There are 2 protein chains.
Amino acid sequence: MPSENHRPTQEDVAREAGVSRAVVSYVINNRSGGKVRISERTRRRVLEVVQRLGYQPNVNARSLRTRRSQLIAVMVPDLTNPFYPLMIRGIQAAVEGSDYHIVVYDSDDSAAHERAFVDMMLRRHVDGVVLVSFHLDVEDVRRLTQAGIQTVGIGGRLRAAGIDTVATRERPAAREIVRYLISRGHRRIAHLAGPQDTPPGQLRIQGYHEALEEAGLRYEEALVRYGTFKPAGVAQLIDSMFAASAPEQRPTAVFAANDLMAIEAIRALGRLGMRVPEDVAVCGFDNIPAAELVTPSLTTIGQDCQRMGRLAGETLLERLGAGARAEPRHVSVPYLLIVRESA
Amino acid sequence: MPSENHRPTQEDVAREAGVSRAVVSYVINNRSGGKVRISERTRRRVLEVVQRLGYQPNVNARSLRTRRSQLIAVMVPDLTNPFYPLMIRGIQAAVEGSDYHIVVYDSDDSAAHERAFVDMMLRRHVDGVVLVSFHLDVEDVRRLTQAGIQTVGIGGRLRAAGIDTVATRERPAAREIVRYLISRGHRRIAHLAGPQDTPPGQLRIQGYHEALEEAGLRYEEALVRYGTFKPAGVAQLIDSMFAASAPEQRPTAVFAANDLMAIEAIRALGRLGMRVPEDVAVCGFDNIPAAELVTPSLTTIGQDCQRMGRLAGETLLERLGAGARAEPRHVSVPYLLIVRESA
DNA sequence: AAAAGGTGCTTAATCGTGTAAGCTGAGACG
DNA sequence: CGTCTCAGCTTACACGATTAAGCACCTTTT
């Protein structure tokens, strides 16, 4: 039996309860407040039938009619980076209790996927969007906003698109952790940077730069290597940093642009026979869960991603409720220097 | 400007292109094959207008009409467990290139959420579902299948519901890793078990049991503690295992029911002044990414979750294509003993 | 007793799409 | 010259819901 079934519709409920379809709709949506009144007796009877038949309203039909889908789309670059699931939890928490539901898109950090997802959001007629994007441009975002879709960006990249944003102040954060390294006596501090064409990559290198400058240290090209925010390739970068130069020219500390890279760096250093933190100090950025599990545990900058998610969710709900507010709002989430064993 | 916009519909495209709405629909869906033919000239003109107006079909309306949503829902218990994002990647990979899209639900391992998500799937009229569930029962699954929703379960728990399943053979896997511990000379092997009311918890403890029996070792209640698959509380369990007994009565190895617990166990042992693996060997189950990052790196059972995801996705697509096949199919995914430093 | 007002329904239009069935005009054919 | 065929459209209904407007009946007011 393929059980290609007839699922109950309002029609079925109405027939069974001996009322018109409209009554069923009014009852289900609790719209007894306006001009239309439904007697308590009928209401009960309808609800009983709904229960008995296991009726579930067809949200496609409903959205078609109401022009609202009660959907919030969340796009993240990489679900396998623990950072983002936590952020989603935050958004989830903000949305819980409202009538909205979230749907998650994992773009796998691909520009093509990101564009495709924007299309999907338009086709699905989602009401709101939370974007964590490294590839979309202002024009892509405009397609969303022009369609009347409320949009919140996480990370400052899309500030120019005129949407609300929630972000960590990455530059000061990067500056602070490099300052910390300096305060511990380090003078030759290397930076394992993220991609230069992404704002997180840029901001972290800027912060690095500023901290050096403050302390009167020279910025040396030789101390900077560009990676991808992912573990792959980090070992080679570390090799090239340490193998090439004379011992006294080697960095005594490495500031990695994120934790994944930092952890991989520690392993690469181990293979080179260097101990962390005795020979080289290492610190990261993000404070992913693994940061405290590795040995040595990782000194890093804690971004409260769950809170960022919650703020993004709340901001979005506010917009969705109040309609258009005057100006886009940009919220900063505090960061935290977390000192552990690695530096 | 709130830009509560008029989004283009087929109507708009039709008007602009000087044809009827139906033509637009036929062109968009490439339905020139049947009785209806559209001239190449018109086709081009329509597509040009579609492009120019940035028309995107409203999938709500479409699903309403066609009774197919092209949606596959994926429900997982915990997005923050790295295991599941990988599985989702696998499903994603299987679905890529088909006309289906996936939507992810994170149930946060709550029975209430799981039920609520089943409702959502029914309301959204998703075409297929991949379930990783610890709480749904056969009746819940029947609600899905009765509504004509193709369903695939990951993990053997829902085999009784008559749906296709994809699973690792956890019992043999558990047996194998305990066998390995025995082969390394361990005789007093403790088990940090998962919840007794979940199949993964049960199967792993059964495998543990079988391996002991094979080797002629006695199963001792005192060597087993029940946890939750999460790090919280593990420290106390370890304390109670090791603090209480005389040194020669202590276990020399601990088999944890999953990696998260194993990692936490290693840390707890460290606080008790015991070295891993010299004083106590520890092994886990799952092979999450952190397993190779921690020190000592974790000996564990590798479940190829990405492959499980892909298989689940493929199975589902097959069902969705072919309609009803005769019998539910149960696929086993190979596991792998991964020996690292911790045991 | 007629008018007014309120309660509790029903009727019917509408959202944007897919698709079967009908229509039209031009060329082929007897 | 009338009929047939067929390519290439258009017409019209259906999907399942929301919601404004209308209607019947009863009670209260004038």
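Helices and strands are DSSP runs numbered from the N terminus, with at least four residues for a helix and at least two for a strand. In this predicted model, that numbering places Arg67(B) in the loop between helix H4 (59-66) and strand E1 (71-76) of chain B. The backbone of Arg67(B) deserves a moment's attention, since its phi is positive, about 60°, although the residue is not a glycine. Most residues other than glycine have a negative phi. As for its surroundings, Arg67(B) has a relative accessible area of 69% and is therefore classed as exposed, the cut-off being over 50%.

Chain A offers a second case of this kind. Asn287(A), again a residue other than glycine, has a positive phi near 60°. Asn287(A) sits in the loop between E9 and strand E10 (300-303) of chain A. With a relative accessible area of 25%, Asn287(A) is partly exposed.

The peptide bonds bring a further feature of the backbone. Most peptide bonds are trans. In chain A, however, the bond from Val276(A) to Pro277(A) is cis, with omega near 5°. Pro277(A) belongs to the loop that runs between helix H11 (259-271) and strand E9 (281-283) of chain A. In chain B, the bond from Val276(B) to Pro277(B) is cis, with omega near 10°, and Pro277(B) lies in the loop between helix H11 (259-271) and strand E9 (281-283) of chain B.

Turning to the overall form of chain A, twelve helices and twelve strands make up its assigned secondary structure. The C-alpha trace spans about 90 × 50 × 35 Å along its principal axes. The radius of gyration of chain A is 26 Å, whereas a compact globule of 343 residues would have one near 20 Å. Among the contacts in chain A with a separation of 6 or more, 68% come from residues 24 or more positions apart. Burial applies to 52% of the 343 residues of this chain. The accessible surface of chain A amounts to about 15,400 Å², and carbon and sulfur atoms contribute 48% of that area. Chain A also carries 44 positive and 40 negative charges, whose mean positions are 8 Å apart.

What lies in the interior? In soluble globular proteins, nonpolar side chains tend to be buried together. Here the largest nonpolar core has 54 residues, and those with the most contacts inside it are Ile72(A) and Ile72(B). Leaving aside residues up to four places away in sequence, the partners that Ile72(A) touches include Val95(A), Tyr100(A), Ile102(A), Val103(A), Val130(A), Leu316(A), Leu317(A) and Leu320(A).

Two helical residues round off the picture. Ala265(B) lies in helix H11 of chain B and is buried, with a relative accessible area of 0%. Beyond residues up to four places away in sequence, Ala265(B) touches Leu192(B), Val234(B) and Ile238(B). The C-alpha atoms of Ala265(B) and Ile238(B) are separated by 6.6 Å, with these positions 27 residues apart along the chain counted as their spacing. Arg45(A), for its part, is found in helix H3 (residues 40-53) of chain A and counts as partly exposed at 33% relative accessibility. Outside residues up to four places away in sequence, Arg45(A) touches Ala17(A), Gly18(A) and Val19(A). Arg115(A) is 70 residues from Arg45(A) along the chain, and the C-alpha atoms of the two are separated by 48 Å.

Definitions and conventions. Residues numbered from 1 in each chain as written. Chains lettered and ligands numbered in written order. Predicted model: local features only at pLDDT ≥ 70, side-chain atom pairs only at ≥ 80, totals over all residues. Heavy atoms only, no water. Rg over C-alpha atoms; globule rule 2.2 N^0.38 Å. Buried < 20%, exposed > 50% of the residue type's maximum accessible area, 1.4 Å probe, protein only. Contact = heavy atoms within 4.5 Å. Areas by Shrake-Rupley, 256 points an atom, 1.4 Å probe, with all protein chains shown as cover. Lys, Arg positive; Asp, Glu negative; His and termini not counted. Charge placed at Lys NZ, Arg CZ, Asp CG, Glu CD. Core = buried A, V, L, I, M, F, W, Y, C linked by side-chain atoms within 4.5 Å.
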